[in-house]
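Work through the exercises below with the sequence and the 3D view at hand. Try each task before you read its solution.

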Amino acid sequence: MATGILKHSVWRMLSETGESPAAGGDEHGAPAAEEGHGGEEEVHHSEKHLAILFMFFALFCGALCRSLLAGTKVPYTVALLVVGLCLGFLHAEEDLGVYARPSIEQWVRIDPHLLLYAFLPPLVFESAFNLEWHMFTKLFSQALLMATVGVVLTVGIVGAFLKWCLPYDWSWEFSFMTASILAATDPVAVVALLNDLGASKTLSMLIEGESMMNDGTAIVMFLLFFDFSKGNDKTTGEIIEFFLQVPLAGPAIGIAFGMATLWWLGMVYNDALVDISLTVVDCYLVYFVSEEVSGSSGVLGVVGLGAYLAAVGKPYFATNKEVEESLHHFWSMMTYGANTLIFILAGVIIAATCVDDQQEQLEWRDLGYAVLLYLFLNAARGFVVMLLFPLLSRIGYGLDWRNAAIVVYGGLRGAVGLALALIVFEEHALDEKNRTRVLFHVGFIVVSTLGINGSTTGMLLHWLGLDTAGVNRDAVVKSLHDAMGERVMKKYLEEFHDDTLGGADFDRVKAYVSSLRMLDEKKSPNIERLQGFKTETEMKAVASEPSFRSHEQAILEDLRKRLLSSVRLSYKELSEEGEGNSNAIFMLMESVDKALDDTSQTLNDWSVLDEQFAQMSGNLGMVSTTLRLVPIPAAMRKMMGPCDRIKEAETKLIAAWSFVRAHEHACKSLHDQVGSIDEEHAKIITTESKVMVEKAKAFIRERRVAFPELVETIKTSEVARELLNVQEHFVKDQEHTGLLDQSELDALHDLVQRDFRKYVAAPPSAIKLTDDEVIRGLPVFNGGQGETLYDTFRADFKPVTSVEIGKPLYTKGETGDKVYFIGRGCVSATTEPLSEAKGAELPKERVYLDRSRMAGWVCGLYEVLAHKDGNPPPTRKFTVVCETVLMAYEVDGAVVRKMAAAYPQVEQALWQAAAGMLCETVLRSDLRLPVGLPLQQSIALGTINEL
């Protein structure tokens with residue numbers, strides 16, 4: 001074997017030096033390769049492994065550029081393109097050696113489709129996966145308008161310019177193909193700059209969302225005109241089929257793969273390798289299936305995958321903070337590597353083309369045309385945005401002229417355009433000179449937009465006044481600096497001296513630790529006129545006064561954003577810690593995102609969450625109605641109804657409890673960070689938060705009585721999770737002691753992970769009481785003959801499945817001879833009739849009745865007991881409204897009267913409940929008692945003594 005390796009090495013050395021063994025073979029009898037065939041194949045084969053050197057060299061150059069350009073305004077990608085140009089010129093003019101030359105040559109000759117398949121999916125996926133979903137959904141209409149109508153207009157305008165104004169005699173198909181390449185934008189540099197300068201998050205998301213979507217649109221148009229340019233004609237029907245199949249099938253494939261991935265991840269806990277592996281496989285497989293199998297757009301398929309995972313899958317990836325960070329770092333590295341290789345490779349190819357004097361493919365005048373094209377592209381984008389401005393300013397988040405100017409100026413070109421230009425350059429069915437011109441112009445536009453627009457956007461932001469990162473930023477930083485200094489000083493006083501080494505030199509320590517240098521204190525503005533209010537109405541009235549100074553309003557808006565951001569982080573941490581269910585976390589994130597949309601008004605995230613609760617109940621009602629129309633077996637229907645209602649109530653309770661905890665934590669953080677420098681403003685915001693928290697606590701109190709099993713289950717789940725976290729932290733602490741060997745640590749890890757997997761697979765769930773259990777617990781069956789009574793009348797208790805939250809069980813004035821027994825849940829009653837007008841609100845003066853009150857467990861009883869058999873059905877005296885998820889049971893009036901007649905203790909209990917309803921409604925109304933107090937409490941307070 002060693003002899004064979006030696007022979008191969010000698011053969012390779014002789015081949016590279018241009019020598020060869022004798023025609024008949026070498027000295028050991030090895031046959032010689034055939035001239036002009038075998039030797040060249042052997043050399044080519046022996047150099048293939050050198051291709052890896054270019055990749056490592058490109059990544060090294062990328063790291064060097066990032067290090068040298070840190071803190072400068074030079075875009076990183078522009079520097080990469082310059083490095084590629086320099087390397088390309090050196091490669092064309094000089095012999096870079098036996099290692100560099102073949103390595104570069106193999107990358108220069110790389111198939112451009114392979115380039116797209118290798119580098120485009122991670123670039124697109126990373127952008128889609130990191131979407132702020134709520135914000136993206138709201139500005140989706142704006143981004144879609146720019147990515148469809150805007151791209152079509154841009155391709156048409158730029159294509160006409162290339163056809164009529166440049167002396168290249170290009171066909172219309174070729175001109176539109178080139179314009180499609182130039183329509184694909186790359187916002188990376190601008191978005192990073194906008195975030196650094198504190199510009200509007202919505203502006204950054206609009207630019208990024210438009211770029212992500214218009215990449216797909218531009219590629220679809222490119223593929224169409226690319227086929228036309230090669231002479232492949234299509235009929236009208238084929239074009240229509242193309243535009244239906246290519247844009248639509250890809251996203252559907254991406255969503256399907258996303259759903260399968262989340263199903264898999266639902267069975268995995270805390271495994272970063274599995275999470276990363278699945279996203280990588282999905283990303284490339286979706287692109288391949290979309291492009292090769294379905295003939296649709298791979299880019300749009302990957303966008304669909306990333307957007308679906310961003311919208312639905314974040315709770316699956318956020319079960320552990322370390323896993324989420326690993327996923328984020330991995331995809332950041334993938335994007336960095338793809339960008340680095342594409343830009344350097346494009347520079348090498350452009351340089352190699354420019355120095356190809358034999359073909360004379362480029363002339364100096366082409367540089368002038370490239371400058372003219374750059375100016376026209378900016379003007380064309382401005383014209384398109386101006387044309388769409390009336391719509392853009394009225395949909396989504398809206399758009400003013402200053403932000404529109406940034407959208408125009410921030411339309412940079414990047415990696416996608418370069419990759420498409422490389423496809424054109426390598427397509428030998430097209431004219432070679434025209435292919436070279438396309439690559440040159442696209443490369444020039446990329447360099448110009450990144451170098452000029454990207455580096456000067458900051459100045460434009462400042463000139464337009466869009467670079468404010470929060471009016472309180474400096475004050476908050478100062479406050480945190482002071483707090484950090486106090487903590488450091490406390491630590492210094494504890495540690496500055498020990499018996500072995502003695503003391504430290506404080507002045508020298510202070511020279512290294514800047515937080516020890518005390519800062520001047522700064523007093524916040526006096527706003528006594530805003531102190532002391534208690535209610536939400538008073539807050540809104542004060543905030544809307546014309547005399548309310550604009551800079552103070554800006555401070556309040558900034559503090560609201562900070563508090564809501566803290567609340568949002570708490571929700572994210574709940575998801576990472578595995579607390580709550582995915583539906584609750586999703587609603588909480590939606591509520592805080594909507595509240596962040598407008599911080600000019602008082603905090604309203606609880607109002608948004610309450611609306612989501614109502615919408616959830618409405619959706620469940622629609623499902624219930626649909627299920628009643630579907631022929632489902634009675635046993636299955638009986639099982640499904642209570643489970644859905646219990647799950648809904650559990651989700652709402654978890655969301656409300658998480659809301660309370662998040663706001664209380666955010667208020668404490670706001671007070672600690674801002675209270676010392678701006679106590680007055682911080683007090684205003686915390687008061688707003690406390691108003692919301694009290695509403696959430698009232699919501700929980702009502703459900704705590706109505707659903708005691710749910711509250712107990714939620715607390716059980718919370719305690720179990722906390723104790724599991726204690727176990728996990730204990731094991732991590734043991735890793736740093738050095739007292740345990742690896743096998744012992746592994747045993748502890750396995751124990752903790754088994755517990756976690758058990759918790760994730762089967763978390764504490766609400767005790768799903770059966771109808772029999774709920775009915776048996778009704779007060780009517782609590783007497784001495786409860787079992788006999790239950791056995792006799794159990795079949796007459798029919799579950800109520802049609803009522804929705806906020807809808808009446810029955811209304812005042814209607815007729816009916818039925819009684820409703822409330823097993824779980826809460827209702828309200830009023831003596832006011834229900835308005836029949838469409839969209840009319842329920843009466844506001846309603847008395848809330850739960851099972852802790854005398855009348856809370858049965859409704860409609862007075863009319864039924866006072867009714868005599870044979871008479872017309874009685875008329876309802878009250879309006880009773882469903883306030884929570886209910887487990888209620890309907891019983892005919894004749895059966896109730898029969899129960900009362902047969903069992904005296906039952907008759908007494910029923911009349912007491914009927915009297916309780918009269919007292920809580922009719923009597924309260926006559927005496928004008930406050931609806932918020934139980935009647936018993938009103939009596940105790942002496943409110944009705946004059947009776």
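**Exercise 1. A cavity and its walls**

What volume does the second largest cavity have? Find out what lines this cavity.

Solution.
- Keep in mind that this is a predicted model.
- Start with the volume: the second largest cavity has about 110 Å³. The structure holds 9 cavities of 30 Å³ or more.
- Next, take the lining of the second largest cavity, which consists of 14 residues. Gly-150, Thr-154, Ala-183, Glu-210 and Arg-381 are the ones nearest the centre.
- Now look for the elements behind this lining. Helix H8 (140-165), helix H11 (201-229) and helix H17 (364-392) each supply at least two residues. H8 gives the most, with 5 residues.
- Finally, sort the lining by character: 7 residues are nonpolar, 4 are polar and 3 are charged.

**Exercise 2. Cysteines**

How many disulfides does the structure hold, and how far from Cys-86 is the nearest cysteine sulfur?

Solution.
- The count of disulfides is 0.
- Cys-86 is accordingly in no disulfide, and the nearest cysteine sulfur belongs to Cys-65, 9.9 Å away. A disulfide needs the two sulfur atoms within 2.5 Å.
- Then check accessibility. Cys-86 has a relative accessible area of 45%, so it counts as partly exposed. Cys-165 is also partly exposed, at 45%.

**Exercise 3. Aromatic pairs**

Describe the ring pair Phe-176 and Phe-225, then the pair Phe-330 and Trp-331.

Solution.
- A search of the whole structure gives 24 aromatic pairs.
- For Phe-176 and Phe-225, the ring centres are 5.3 Å apart. Their planes meet at 45°, so this pair is tilted.
- Place the two residues. Phe-176 sits in helix H9 (residues 172-183) and Phe-225 in helix H11, so the pair ties together parts 49 residues apart in sequence.
- Phe-225 is buried, because its relative accessibility is 15% and the cut-off for buried is under 20%.
- Turn to Phe-330 and Trp-331. Here the centres are 5.5 Å apart and the planes stand at 85°, so the pair is edge-to-face.
- Are these two rings buried or partly exposed? Phe-330 is partly exposed at 26%, whereas Trp-331 is buried at 2%.
- Last, find the cluster: Trp-164, Trp-172, Phe-176, Phe-225 and Phe-228 belong to one aromatic cluster.

**Exercise 4. Strand S9 and its surroundings**

Which strands pair with S9, and in which sense? Then examine its two faces.

Solution.
- Strand S4 (residues 808-810) pairs with S9 in the antiparallel sense, over 2 bridges. Pro-808 has Val-881 of S9 as its bridge partner.
- Strand S6 (residues 827-830) also pairs with S9 in the antiparallel sense, over 4 bridges. Val-827 is found opposite Cys-882 in S9.
- For the faces, recall that side chains in a regular strand alternate between the two faces of the sheet.
- In S9 (residues 879-882), Thr-879 and Val-881 point to one side, Val-880 and Cys-882 to the other. These four residues are all buried, and both faces are covered.
- Now step back to the loop between helix H33 (861-866) and S9, where Pro-874 lies. Pro-874 is buried, with a relative accessible area of 10%.
- Compare sequence and space for Pro-874 and Lys-818. They are 56 residues apart in sequence, and their C-alpha atoms are 9.5 Å apart in space.

How values were computed. Residues numbered from 1 in each chain as written. Predicted model: local features only at pLDDT ≥ 70, side-chain atom pairs only at ≥ 80, totals over all residues. Heavy atoms only, no water. 1 Å grid on protein atoms, 1.4 Å probe; cavity = no way out; pocket = protein on both sides within 12 Å on 5 of 7 lines; lining within 4 Å. Points joined across faces, edges and corners; volume = space filled by probe spheres on them. Nonpolar A, V, L, I, M, F, W, Y, C, P; charged D, E, K, R; others polar. Buried < 20%, exposed > 50% of the residue type's maximum accessible area, 1.4 Å probe, protein only. Pairing = 2+ DSSP bridges. Phe/Tyr/Trp six-rings, centres within 6.5 Å; stacked < 30°, edge-to-face > 60°.
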